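Me: Please take me through the ligand site of this model. Short answers will do.
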Amino acid sequence: MCGIMGYVGPRDAAPIIIDGLKRLEYRGYDSAGVAVHDGTSLTVAKAEGKLGRLAAMLAEHPLVGSCGIGHTRWATHGAPNDRNAHPHTDPAGEIVVVHNGIIENFVALKENLAAGGADFSSETDTEVLAHLIAHEYQGDLLEAVRRAVGKAEGAYALVAMSRREPDRIVAVRMISPLVIGIGKGEMFLASDVPAILHHTRDIVVVENGEMVDITPDGWRIETLDGRPVDRAMLEITWSAEQAERGGYPHFMLKEIFEQPQAATDTLSGRLDEDGSLVLDKVDFPDGFGRDLDKIWITACGTALHAGHVGKVVFERLLRVPTEAAFAHELRYADPLIAPGSLTIAISQSGETADTLAAAGLAKNRGSRLLALTNVVGSTLSREADDILYTRAGPEIAVASTKAYLTMLIGEYLLALAIGRERRVIAAATDDELVRALRGIPVKIGEVLKTDQEVEAIAARFVGHDDVYFIGRGLDHAVAMEGSLKMKEISYIHSEAMPAGELKHGTLALVTAGTPVVVVLTQKEVYDKTVSAIQEVKARGALVIAVAYEDDTEIAKHADEVLRIPRVPDLLSPVLAIVPLQLLAYHVAVARGHDIDQPRNLAKSVTVE
Ligand code: F6R
């Protein structure tokens with residue numbers, strides 16, 4: 001996820017673009033840049049780091065020109081640095097582009113262009129687009145962009161300018177969002193409404209597969225195959241603050257609802273329709289996966305909860321003993337980590353001090369280190385031998401949601417990749433998982449439609465001081481994450497445990513009305529978990545179950561049921577967590593808490 005902003009009109013473009021990018025920093029903030037047309041040539045300024053650095057540079061050396069584009073980046077290809085920051089140009093400086101999203105076939109495109117003698121100055125997929133458009137250019141930017149995007153595959157939004165056409169910006173939306181802002185004698189283009197709301201409330205939403213052509217006095221949309229589109233203007237009534245959260249009251253809810261897109265991005269270009277897998281930064285030596293005899297997973301908090309799912313998935317699919325350990329324990333435990341093992345360090349930020357220390361220790365002991373992280377160029381990613389980026393986009397709310405869900409998807413991809421090398425996954429299971437993974441974003445969307453039901457159930461939690469989350473196996477792993485979400489934002493004491501553990505002590509705390517959330521998706525242990533429901537029901541508990549939509553048994557046992565679509569049991573955590581995120585959210589809202597910045601917590605714990 002990145003932020004894009006464009007302006008064409010009578011005013012100086014750069015300050016308007018910088019102001020717009022500031023309001024899009026929630027979409028990315030590892031580097032930023034602007035390109036401006038001064039009537040004769042294109043000039044680019046860009047800088048690694050937060051937007052403030054670029055703004056300071058431009059304050060000293062202003063860019064003059066009234067047509068421009070800008071970008072604030074959240075890296076997916078290439079480390080966050082000056083070179084990889086957008087905008088990108090072709091070598092002659094004829095075409096300049098910014099882009100948000102992923103060009104899946106950029107390696108093949110780049111090789112083709114390189115074979116024709118092209119030189120690249122960055123590691124990005126974006127630069128390839130600048131080359132392609134320049135290559136296709138015959139005097140009309142719109143046509144050049146059309147031909148270039150005909151060769152590119154992926155989910156992205158692209159905005160381009162040509163040196164030979166001042167006062168014209170052309171853009172394409174292929175899934176990643178884009179809106180046009182209509183002013184008087186001036187036009188704006190942005191990834192999201194907040195960037196332009198200070199200038200105009202008249203907005204046109206660009207739809208998937210459409211091209212945009214803007215000049216100071218007009219806008220035009222057409223389809224990729226050249227058919228004109230008649231699109232009505234919308235008047236936006238949101239406040240600037242509301243707009244930044246996409247109309248959602250909190251970033252956490254916005255991020256929960258972004259999960260279908262985040263899951264799509266995590267899978268994008270990695271799992272083809274035919275089932276082939278490409279994990280570009282995972283490059284095990286020959287035979288490494290085949291001979292692997294131990295996997296260590298280390299992380300903290302939510303990331304470790306993703307690791308608990310990974311442990312079950314790796315052991316089931318790969319038959320490799322796997323341990324998921326708190327990083328802050330592992331680093332002092334003198335663990336039996338040996339060469340030939342794989343250590344997967346999971347961290348949204350890639351900067352958690354304990355996770356870095358545990359990862360470093362594993363590496364020192366000869367383990368191969370793989371980073372499963374959301375932040376390109378983070379310390380963890382720099383120290384790892386292999387990297388799998390989650391591509392969740394920036395997560396603003398302290399309570400992690402979309403980062404967790406994309407970590408899970410990353411683990412399934414890894415398990416499939418290693419399993420294929422070991423030849424241990426039956427073809428039918430492999431097929432079933434591939435199909436189910438490809439369909440998972442849509443199913444996450446279906447779970448999100450139950451939001452109002454979850455909200456109604458949340459009302460039943462509000463006055464309680466203690467809540468329990470139970471499940472077995474993978475359901476227990478999900479229960480741990482559901483419980484953490486509940487405690488960190490609702491401030492209700494919450495504990496998760498394997499369903500079989502209740503009767504060994506905790507059952508003493510279950511009294512009339514105590515809410516017990518039961519996750520119940522694993523066929524082999526279904527009846528056992530139902531027995532645990534009966535134990536708590538006998539003590540008067542209020543039982544809320546998370547179960548498949550076609551489970552006809554559960555309604556006989558639970559007071560309320562949160563339904564998820566059917567998937568292979570191994571994948572159920574990706575769906576089962578979503579109602580639990582919503583539950584925690586609505587309980588916390590009903591209790592009147594600060595959702596995005598819960599007390600005493602920080603987004604990234606960079607001290608021990
Ligand atoms: C909880 C949460 C934390 C983090 C933990 C690790 O919602 O976000 O538990 O998961 O602090 O952070 P990262 O993943 O950045 O290493």
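Me: How do the residues of the shell around the ligand divide into nonpolar, polar and charged?
Reply: This is a predicted model, where local features need pLDDT of at least 70, side-chain atom pairs count only at pLDDT 80 or more, and totals for chains, interfaces and linings use all residues. Residues are numbered from 1 along each chain as its sequence is written, and side-chain values use heavy atoms, with hydrogens and water left out. Ala, Val, Leu, Ile, Met, Phe, Trp, Tyr, Cys and Pro count as nonpolar, Asp, Glu, Lys and Arg as charged, and the others, Gly among them, as polar. The split is 4 nonpolar, 7 polar and 2 charged.

Me: How many residues surround the ligand?
Reply: A residue counts if one of its heavy atoms lies within 4 Å of the ligand. The closest are Ser347, Gln348, Ser349, Thr352 and Glu488. The total is 13.

Me: Which helix gives the most to the shell around the ligand?
Reply: Helices are DSSP runs (H or I, at least four residues), numbered from the N terminus. Helix 10 (301-318) and helix 17 (474-490) each supply at least two shell residues. The top contributor, with 3 residues, is helix 10.

Me: Which residue has a polar side-chain atom 2.6 Å from an oxygen atom of the ligand?
Reply: Polar contacts here are pairs of N or O atoms within 3.5 Å. Gln348 uses a polar backbone atom, 2.6 Å from a ligand oxygen. Val398 also uses a polar backbone atom, at 3.3 Å from a ligand oxygen. The side-chain contact comes from Glu488.

Terms used: Polar contact = N/O pair within 3.5 Å; in protein donor to acceptor, adjacent residues only side chain to side chain.
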